[in-house]
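Biologist: Let us go through this model term by term. I will ask why each label applies, and you set the value against the rule.

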Amino acid sequence: MEGLNGMNAGWSERLRRNGFGWGLVLPSLLFLCLFTYYPMFKSFWLSFYEKNLATPEPLFVGFDNYINLLHDNVFMKVFSNNIWFAIGTVPTSLALAFLMALFADKAIKGRGLARLSFFYPNMIPMIAVANIWLFLYTPHFGLFARLASWITDQPVNLLGTPDTVMGALVIMMIWKEAGYFMIFYLAGMQQIPKDLYEAAAVSGVGTFTAIRRITIPLTMPTTLFVAVVAITNSFKLVDHLWIMTKGGPNNASNLLLYYIYESTFNFYDQGMAASMTVIMIVLLLLISSLQFFGWDRKIHYE
Amino acid sequence: MEDNPLKLPLVLRQNSSKALEEERILNSGRTKRRIQQILWHAVGFAFAAVWIIPFLWVVRTAFIPKDIAIDSGWSWSFTFENLIHVWNGAPFGQFLMNTLLVCGVVLAVQLVTMTMAAYAFARVRFFGKDLLFMLFLVQIMVPPDVLIFSNYQVLNEMGLLDTKLGIMLPYFASSFGVFLLRQSFKQLPYELDEAARVEGASRLHILSRIYVPLSRPIYVSFAIVSVSFHWNDFLWPLIVTNSEENRLLTVGLAMFAKATEAGAQWSDVCAATLIVSAPLMIGFFLFQRQVIGSFMSSGIKG
């Protein structure tokens, strides 16, 4: 009798505990399902259907949307653009962020000012950044055009030329993001024990060698983390295209997410938009999983 | 000692000359380091200057009379006319209120949902906890920005397009916040819990009276990151809203810039850009340390 009661009490305690736990998680879980999982599965489902202005009722087409994407020159262009955009922005902003952090960490006078000037682009909305740089890049009146007019007499239209537009946007993005990544390097550098540098200085190791042998290896985990964030961002940040180029000229600056936006709201091709969303999801999951599996540990113990 | 070597015995004098020699080497090392440092500072501040110029250029253009703005010469004239003209030219007051409302409500709801979930993940043993935790992880890897197309459809199904609630809904649960807070909750000593329970406090009581107050720094960090994200967000509010009364600052700015583009009214666009960026920028200047510290401790945005 005694034991049965105890068991009952155990069960009811367990039931209460489970109810409590689930009750606490439930609100978050509800929104998570509604705005992460349901949309994800919906995209997945819709990516196997044709649904556009001509076929308002979804028509099952299997993998056709994906095959069509492979033959869609614009999609291939946009995809390769995005990869070039990542290659252009990620390594440079990481390297700059590292240098900025070194400077903002060590320089004694004006350290606050340096941090401020490197970080402030992050507090400005991307859309405002786009306005600022659109102005800087404007032919005739813009800062760059004025600088260029000293060198060449030709009117310079950086955003209107397919060859230069991507470069111009890459530079802008580096300006916007490097200071943000600097923050993580600052945090990483502060965790390196100071006596390592003192020991290095005592044994006559120069500053640059110390950076190469101590700072760079010990901030490797930061580099991995920041690299994942930076690559993810290069697929995510598209607000500037809306203001600056609309993906043009001739899709030279178009990126994946913006193309999804165009397909949905300008071309009303939902099947295609869905399959591109799925590709994007898979891509992002792959990139972020670098962080979670293996890589982290390997780099740390190198 | 080296000041007056003559007073010293011969042996010591020899030693001291050796010391002098060392001192000379050390001095030359010091000069070298000094030069290095000056160079380092010069490069660092040159960078900082490059980073600050775009913003200064916009500020300058916002405050000088229109006809001089596009002139190639330099001028010291100064006017508030652009700002006043822009403020009256579009309902920026309304946009500002909307943005404040959206940021405020999103943050308030996030704080509640994330506190509950974080406590459950940190301190309650319940069935399916690990699996749920994995499910939460995915939201960090695939943020709502990427799902704009499908989230738009979800909102459409719910009949919430062109509402402020529609802008906010996808962000009501933040996995990122849950992770951040869970970490902080886990670091609190378990004895606090037990002591309070002996006193007869309920778990919700313990959560609100002990866990929440002790994690204040994390809440502040999260608030800064969340507000700056939603203040600056553009594409999602653009898609969701159609009417002026539901627009946010960023969307208002984009519409305004688009409308004036034809006339190349750069002084107006710069003034509008300044209006939109100013609140966060001022906050950032005032609380620089906390802001940078928050980004440092919190990791990812959103």
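Modeller: Start with burial: a residue is buried when its relative accessible area is under 20%, and exposed when that area is over 50%. By that rule, 49% of the 302 residues of chain B count as buried. Keep in mind that this is a predicted model.

Biologist: Why is B:Thr273 called buried?

Modeller: Its relative accessible area is 2%. The cut-off is under 20%, so the label is buried. B:Thr273 sits in helix H14 of chain B, residues 266-286.

Biologist: Which residues does B:Thr273 touch, not counting residues up to four places away in sequence?

Modeller: A:Ala128, A:Asn131, A:Ile132 and B:Leu253. Each has heavy atoms within 4.5 Å of B:Thr273, because that is what contact means.

Biologist: What makes A:Lys42 and B:Glu157 a salt bridge?

Modeller: Their side chains meet at 3.0 Å, N to O. The rule asks for a Lys or Arg side-chain nitrogen within 4 Å of a carboxyl oxygen of Asp or Glu, so the pair qualifies. In general, side chains of opposite charge can pair when their charged atoms come close.

Biologist: Is A:Lys42 buried or exposed?

Modeller: A:Lys42 has 16% relative accessibility and counts as buried. B:Glu157 has 48% and is partly exposed. The upper limit for that class is 50%, so B:Glu157 does not count as exposed.

Biologist: How do you know that the salt bridge of B:Glu157 and A:Lys42 joins two chains?

Modeller: The side chains of B:Glu157 and A:Lys42 meet at 3.0 Å. B:Glu157 lies in helix H6 of chain B and A:Lys42 in helix H1 of chain A, so two chains are joined. Across the interface of chain A and chain B, the rule finds one salt bridge. H1(A) also gives the largest share of the side of chain A that touches chain B, with 23 residues.

Biologist: How many residues are in contact between chain A and chain B?

Modeller: 91 residues of chain A are in contact with 92 residues of chain B. Together the two chains bury about 8,600 Å², with 78% of it on carbon and sulfur atoms. On the side of chain A, A:Phe35, A:Met123 and A:Phe135 lose the most area, together 10% of what that side buries. There are also 11 residue pairs in polar contact between the chains.

Biologist: What makes A:Glu13 and A:Arg17 a salt bridge?

Modeller: Their closest N and O atoms are 3.5 Å apart. The limit is 4 Å, so the pair passes. A:Glu13 and A:Arg17 both lie in helix H1 of chain A, four residues apart, about one turn of the helix. A:Glu13 is partly exposed at 37%. A:Arg17 is buried at 15%.

Biologist: Which residue forms a salt bridge with B:Arg247?

Modeller: B:Glu244, with the closest N and O atoms 3.7 Å apart. That is within 4 Å, so the pair counts. B:Arg247 is buried at 14%, and B:Glu244 is partly exposed at 43%.

Biologist: How many salt bridges does a search of the whole structure find over all chains?

Modeller: Five. In chain B, salt bridges also link B:Arg123, B:Asp193 and B:Arg197 in a network.

Biologist: Why is A:Leu26 called partly exposed?

Modeller: A:Leu26 has 47% relative accessibility. Buried needs under 20% and exposed needs over 50%, so A:Leu26 falls in between. A:Leu26 belongs to helix H1 of chain A, residues 2-46. With A:Trp22 and B:Phe127, A:Leu26 makes a nonpolar surface patch of about 340 Å². Patch residues must have over 30% relative accessible area, so the 47% of A:Leu26 meets that condition.

Biologist: What is the phi of A:Lys246?

Modeller: Positive, about 55°, although A:Lys246 is not a glycine. A:Lys246 is in the loop between helix H11 (239-244) and helix H12 (256-265) of chain A. At 38% it counts as partly exposed.

Biologist: And where does B:Asp162 lie?

Modeller: In the loop between helix H6 (148-158) and helix H7 (164-168) of chain B. B:Asp162 has a positive phi of about 55° and is not a glycine. Its 23% relative accessibility is not under 20%, so B:Asp162 counts as partly exposed.

Terms used
Residues are numbered from 1 along each chain as its sequence is written. Chains are lettered from A and ligands numbered from 1 in the order in which they are written. This is a predicted model: local features need pLDDT of at least 70, side-chain atom pairs count only at pLDDT 80 or more; totals for chains, interfaces and linings use all residues. Side-chain values use heavy atoms; hydrogens and water are left out. Buried means under 20% relative accessible area, exposed over 50%, partly exposed in between (1.4 Å probe, protein chains only). Patches are made of residues with over 30% relative accessible area and no salt bridge: like charges are joined within 9 Å, nonpolar side chains (Val, Leu, Ile, Met, Phe, Trp, Tyr) within 5 Å. Accessible areas come from the Shrake-Rupley method with a 1.4 Å probe; for residues, only the protein chains shown count as cover. Buried area is the accessible area (1.4 Å probe) that two parts lose on being put together, summed over both. A polar contact is a pair of N or O atoms within 3.5 Å; within protein, one must be able to donate a hydrogen and the other to accept it, and residues adjacent in sequence count only if both atoms are side-chain atoms.
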